[in-house]
Amino acid sequence: MSTTVGPVDVDALRARLDRASAAASAAGLDALLIAPGSDLRYLIGAGGASFERLTCLVLPVGGGPLLVVPKLEHPGYADVPTGALGVDVATWVDGEDPYALVKKALKGTRHAVSDMMPALHNLRLRDAVGGEQVLAGPVLRELRMRKDAAEVRALRKAGAAIDRVHARMAEWLRPGRTEREVGADIAAAIVAEGHTAAEFVIVGSGPNGASPHHDVSDRVIQAGDVVVVDIGGPVAEGYNSDSTRTYVLGEPAAADVWDTYAVLQAAQRAAVEAVRPGVTCEAVDAAAREVIADAGFGEHFVHRTGHGIGLDVHEDPYIVSGNDLPLEPGMAFSVEPGIYLPGRWGARIEDIVIATEDGAESVNNQPHELVVLPA
C-alpha cells in the first residue's frame, strides 16, 4: 500500500515541521502526535489513513521527529523524504508494542494528538504515555489556515481544473437524463480534467436543488428545471477544488427565477468584495446575508457563507456568524451563498477565494450568471 502523494517541496515541508514545533512550544506543549491524514500530509507529504496498526509521527519540542510505522507498511513510505526532512523512522512488527516506541521518543507530560486520531490508538497512547493529552488542531490549524506559495499554486491549479468541468456542462446536462447519469459523466470529467478523484458531485434538479447537500438521485431532469451543480476533488498535490454553478434547461418553469437569482448574484459579489485583511470571517458572512435578507429571502439562506479549503475540502477558517477571526493574506475559503425554496427550486454560486494584501483572488473564473442550456 503506497502513500505516494505526488510532488512534494522538501524545503516547504521542513519549514512546516519547524513552525509546528515552535507553535507547540508556544502553546506549552511537549510534543505533537500526528496520525495519518491531512495533518500528516501537511507536515511530511505522506498520504494514507489510520488502520488497526499504529502509524504516528512524533514531533517533540526541541527534539528530532520520529515516524513510527508498521514494518509491513514501511515500503509504502519509500517516496516520503524522511531523510531530507530529518525524520527518523522506527518500524515494528505484529506482537511488538508500538506505543512503547512513541513513549520512548517523548519528554515532558503534555502532548497534543491529532483531532482525527482513532480512539483505538488515542486511548492506548494515553495509557502508555500518561500525562495530559489535548487536541493538536488548535496548533496546526493556525499554520494550515495561511497558505504558502506552493499551496496557493495548487489551489489555482485545482480551481482551473474544476472550471474546465463546468465549462463542459452542456455535454451532459439535458432533459430526459437522470441526475445520477449526469453525475457519473461529471465525475469522469473531473478526473479527465486534472483531478486525481471526484471527491463529491451534487446534481440537484428542480425541487432537489432546494436541498443544499443533495447528492444525486434517479429524478429525470426536465425542461425548465433549475439545476444546482456543486463539484470538486483533489489534484495531485492534494489540494481540493470546490465550485458551484446553477443552470437552467431552457426557459425557467418558475416565474420568479430571474429576479431571485439576481439577488443571489449580488450577495455573492458583496461577500467577495468584503474580503480583505483585518475583516472578520463573520463580516464576510454578514455581507452576503444582508443582501439576501433585505430582499426577503433570509429564511431561505440556511448555511454559512463559506468554509476554508486546502488538503481538506472543509477546514478553517469558517465564514460564519460568530467567527470573529480576522482574515489574513493566504487564507483560502469558499464564498457560496444560496437561496433555497423548499419543494420548488434552489440556487447557489460558489467560488474559492484567497485573501490577498488588498482584497481577494478568486481561483474560479466561470461566469456567475444563471447558465441557460438547451432544453
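The exercises below, each with a worked solution, deal with helix packing, buried residues and annotated spans in a predicted model.

**Exercise 1. Two annotated spans**

Task: State which residues UniProt lists for "domain: Creatinase N-terminal" and where UniProt places "domain: Peptidase M24", and describe the helix and strand content of each span.

Solution: Begin with the record, in which an unreviewed UniProt entry lists residues 16-145 for "domain: Creatinase N-terminal". In the model, the chain over residues 16-145 is 38% helix and 21% strand, and the end C-alpha atoms of this stretch are 12 Å apart. Turn next to the feature "domain: Peptidase M24", which UniProt, again in an unreviewed entry, places at residues 154-357. That span is 29% helix and 22% strand, with 19 Å between its end C-alpha atoms.

**Exercise 2. Helices H1 and H6, and Leu143**

Task: Work out how H1 is oriented relative to H6, and then decide whether Leu143 counts as buried or exposed.

Solution: The first step is the geometry: the axes of helix H1, residues 10-26, and helix H6, residues 137-144, come within 10 Å and cross at roughly 135°. That angle makes H1 oblique to H6, and the crossing of the two helices is right-handed.

The second step is to list the residues that meet, which are Arg16, Arg19, Ala20, Ala23 and Ala24 in H1 and Val139, Leu140 and Leu143 in H6. Sorted by class, this contact has six nonpolar residues, no polar residues and two charged residues.

The third step concerns Leu143, which lies in helix H6. Leu143 has a relative accessibility of 13% and therefore counts as buried, since the cut-off for that class is under 20%. When neighbours within four places in sequence are left aside, Leu143 is in contact with Arg16, Arg19, Ala20, Ala23 and Tyr42. As a check on distance, Leu143 and Asp324 are 181 residues apart in sequence, and their C-alpha atoms are 18 Å apart in space.

**Exercise 3. Helices H4 and H5**

Task: Give the relative orientation of H4 and H5, and divide the residues of their contact by class.

Solution: Helix H4, residues 98-105, packs with helix H5, residues 119-129, at an angle of about 55°, and the axes are 9 Å apart. H4 and H5 are therefore oblique to each other, with a crossing that is right-handed. On the H4 side the contact is made by Tyr99, Val102 and Lys103, and on the H5 side by Leu120, His121, Arg124, Leu125, Ala128 and Val129. Divided by class, the residues of this contact comprise six nonpolar, one polar and two charged.

**Exercise 4. Helices H9 and H10**

Task: Determine how H9 and H10 run relative to each other, and find which classes of residue make up their contact.

Solution: The axes of helix H9, residues 257-274, and helix H10, residues 281-294, come within 8 Å and cross at roughly 160°. An angle over 145 degrees falls in the roughly antiparallel class, and H9 and H10 are therefore roughly antiparallel to each other. The crossing in which H9 passes H10 is right-handed. From H9, the residues Val263, Leu264, Ala266, Ala267, Ala270, Ala271 and Ala274 meet Val284, Ala287, Ala288, Val291 and Ile292 of H10. By class, this contact of H9 with H10 has twelve nonpolar residues, with no polar and no charged ones.

**Exercise 5. Ala90 and His195**

Task: For Ala90 and for His195, locate the residue, and then identify what Ala90 and His195 touch beyond their sequence neighbours.

Solution: Ala90 lies in strand E4, residues 88-92, and is buried, with a relative accessible area of 17%. Not counting residues up to four places away in sequence, Ala90 touches Leu66, Leu67, Val68, Val69 and Leu101. The C-alpha atoms of Ala90 and Gly62, which are 28 residues apart along the chain, are separated by 19 Å.

His195 is found in a loop, between helix H8 (179-192) and strand E7 (200-205), yet His195 counts as buried at 4% relative accessibility. With residues up to four places away in sequence not counted, His195 touches Ala158, Ala161, Ile162, Ile190, Gly233, Pro234, Val235 and Ser241.

**Exercise 6. A peptide bond in the model**

Task: Describe the peptide bond from Asp316 to Pro317, and say in which strand Pro317 lies.

Solution: The bond from Asp316 to Pro317 is cis, with omega near 0°, and Pro317 lies in strand E11, residues 315-319.

Notes:
Residues numbered from 1 in each chain as written. Predicted model: local features only at pLDDT ≥ 70, side-chain atom pairs only at ≥ 80, totals over all residues. Heavy atoms only, no water. Axes fitted to C-alpha atoms, helices over the stretch in contact; angles between N-to-C directions. Helix = DSSP H or I, 4+ residues; strand = E, 2+ residues; numbered from the N terminus. Parallel < 35°, antiparallel > 145°, perpendicular 65-115°, else oblique. Left-handed = near helix turned anticlockwise from the far one by under 90°. Contact = heavy atoms within 4.5 Å. Nonpolar A, V, L, I, M, F, W, Y, C, P; charged D, E, K, R; others polar. Buried < 20%, exposed > 50% of the residue type's maximum accessible area, 1.4 Å probe, protein only. UniProt positions renumbered as here; feature names shortened; annotations may be inferred.
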